[in-house]
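Trainee: I have just opened this one and would like to be walked through it. Could we take it piece by piece?

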Amino acid sequence: MSTPLTDYLVTARTFEEYLEMFALDLPTLAGQRVLDCPGGAASFAADGRRHGVRVTALDPAYALAPGDLAVRALDDVRTGADHVAGSLEAYDWSSFGSPEAHRAARTAAAGRFALDLRRRPGDYVAGSLPDTGLPAESFDLVLSSHLLFTYADRLDAAFHRAAVRELLRVLRPGGELRVFPLVDLRAHRPDLVDEVVADVRSSGTAAAEAPVRYRFQRGADSMLLLRKGVSAPSGCAGPRHAAS
Ligand SMILES: C[S@@+](CC[C@H](N)C(=O)[O-])C[C@H]1O[C@@H](n2cnc3c(N)ncnc32)[C@H](O)[C@@H]1O
């Protein structure tokens, strides 16, 4: 199942948003090989490198020419920010403070992304789930923000199962896959979360839902934490409850 690129916003979340969405501990990230999939126009790879994190970002949008992608990223910041400004009550403003601050932070992140894309094109891989083409067991940590579960209205259960299996395939044994958020665009938790958890558990991956400090879309306050090849996940705030 594949859908056109125009079906998705190529969003530009900030490095700080990633730290909070995924309950990451910055000092322990240094030196790790991290896959950001989908990377979109987020500044995680660009800013992560300054902290010694070895980030590869993967997204179908990276097939666009860098100049076109920079324009697209800024357009999508505007579209996203206009949407948010028109539905203020659907968001928790305790972190950004205001719609203007949100727009400014995302615009700055898109700018850092565009600059980094030109400087280090090799860190940005044009590819798509569920077949990334990346080598097996090549990452210590895989992060997936705002594709799985978010777009439950257009990506079905088979896609979700295949995508998560693929992200686990590129992870080294003992490494973690973290997915955020666990709600869709209408802030409903789709049944897909439990379906994915049941699927990975059947192949020996440990799964737990863990609370995170990140607050923006209402209802999006936890991540799915999958650890490959061990029986109990750890390494972030303790699991709140099993997801199935
Ligand atoms: C909402 S953005 C999230 C970007 C980034 N993670 C963030 O949080 O800002 C969703 C991204 O998913 C990408 N995408 C769409 N289909 C995909 C697929 N099959 N595999 C990987 N990425 C995909 C889109 O190009 C878009 O950049």
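**A buried pair and the sheet around it**

Mentor: Let us begin with Arg227 and Glu176, both of which are buried; please keep in mind throughout that this is a predicted model.

Trainee: What do Arg227 and Glu176 form, and how far apart are the closest N and O atoms?

Mentor: Arg227 and Glu176 form a salt bridge, and the closest N and O atoms are 2.8 Å apart. This pair links distant parts of the chain, since Arg227 sits in strand β7 and Glu176 in strand β5, 51 residues apart.

Trainee: Okay, and in what order do the strands of that sheet come?

Mentor: The sheet is open and has seven strands, in the order β3-β2-β1-β4-β5-β7-β6, with mixed pairing. At its edges are β3, residues 124–126, and β6, residues 206–211, each of which pairs on one side only. On average, neighbouring strands in this sheet are turned by 20° against each other, if direction is ignored.

Trainee: Which helix packs on the sheet, and which strands are touched?

Mentor: That is helix α6, residues 157–169, which touches β1 (33–36), β4, β5 and β7 (222–227). The direction of helix α6 makes about 140° with that of β5.

Trainee: How do β4 and β5 pair, parallel or antiparallel?

Mentor: Strand β4, residues 139–145, and strand β5, residues 171–180, pair in the parallel sense, over six bridges. Within that pairing, Leu141 stands opposite Glu176 in β5, and Glu176 is the residue that forms the salt bridge with Arg227.

Trainee: And on the other side, how many bridges are there between β1 and β4?

Mentor: β1 and β4 pair over three bridges, in the parallel sense, and there Asp36 stands opposite Leu143 in β4. β1 is also joined to strand β2, residues 54–59, by four bridges, and those two strands run parallel. In that pairing Val34 stands opposite Val55 in β2.

Trainee: How does the chain cross from β1 to β2?

Mentor: The chain passes through helix α3, residues 44–50, and this β-α-β crossover is right-handed.

Trainee: Switching topic, how many salt bridges does the structure hold?

Mentor: The structure holds 20 salt bridges. One of them is between the side chains of Arg49 and Asp123, at 2.4 Å from N to O. Arg49 lies in helix α3 while Asp123 lies in the loop between α5 (99–119) and β3, so the pair ties together parts of the chain that are 74 residues apart in sequence.

Trainee: Is that pair on its own, or which residues are linked with it in a network?

Mentor: The network of salt bridges links Arg49, Asp116, Arg120 and Asp123. As for accessibility, Arg49 counts as partly exposed at 23% relative accessibility, and Asp123 is partly exposed as well, with a relative accessible area of 22%.

Trainee: Which parts does the salt bridge of Asp82 and Arg103 tie together?

Mentor: Asp82 lies in helix α4, residues 66–86, and Arg103 in helix α5, so the pair ties together parts that are 21 residues apart in sequence. Their side chains meet at 2.8 Å, N to O. Asp82 is partly exposed at 47% relative accessibility, and Arg103 is partly exposed with a relative accessible area of 29%.

Trainee: Last thing, which residues does the UniProt domain annotation cover?

Mentor: The UniProt record, an unreviewed entry, carries the annotation "domain: Methyltransferase type" for residues 114–177. Over residues 114–177 the chain is 30% helix and 27% strand, and the C-alpha atoms at the two ends are 26 Å apart.

Conventions:
Residues numbered from 1 in each chain as written. Predicted model: local features only at pLDDT ≥ 70, side-chain atom pairs only at ≥ 80, totals over all residues. Heavy atoms only, no water. Pairing = 2+ DSSP bridges. Axes fitted to C-alpha atoms, helices over the stretch in contact; angles between N-to-C directions. Contact = heavy atoms within 4.5 Å. UniProt positions renumbered as here; feature names shortened; annotations may be inferred. Right-handed = clockwise from strand over helix to strand, strands pointing away. Salt bridge = Lys/Arg side-chain N within 4 Å of Asp/Glu carboxyl O. Buried < 20%, exposed > 50% of the residue type's maximum accessible area, 1.4 Å probe, protein only.
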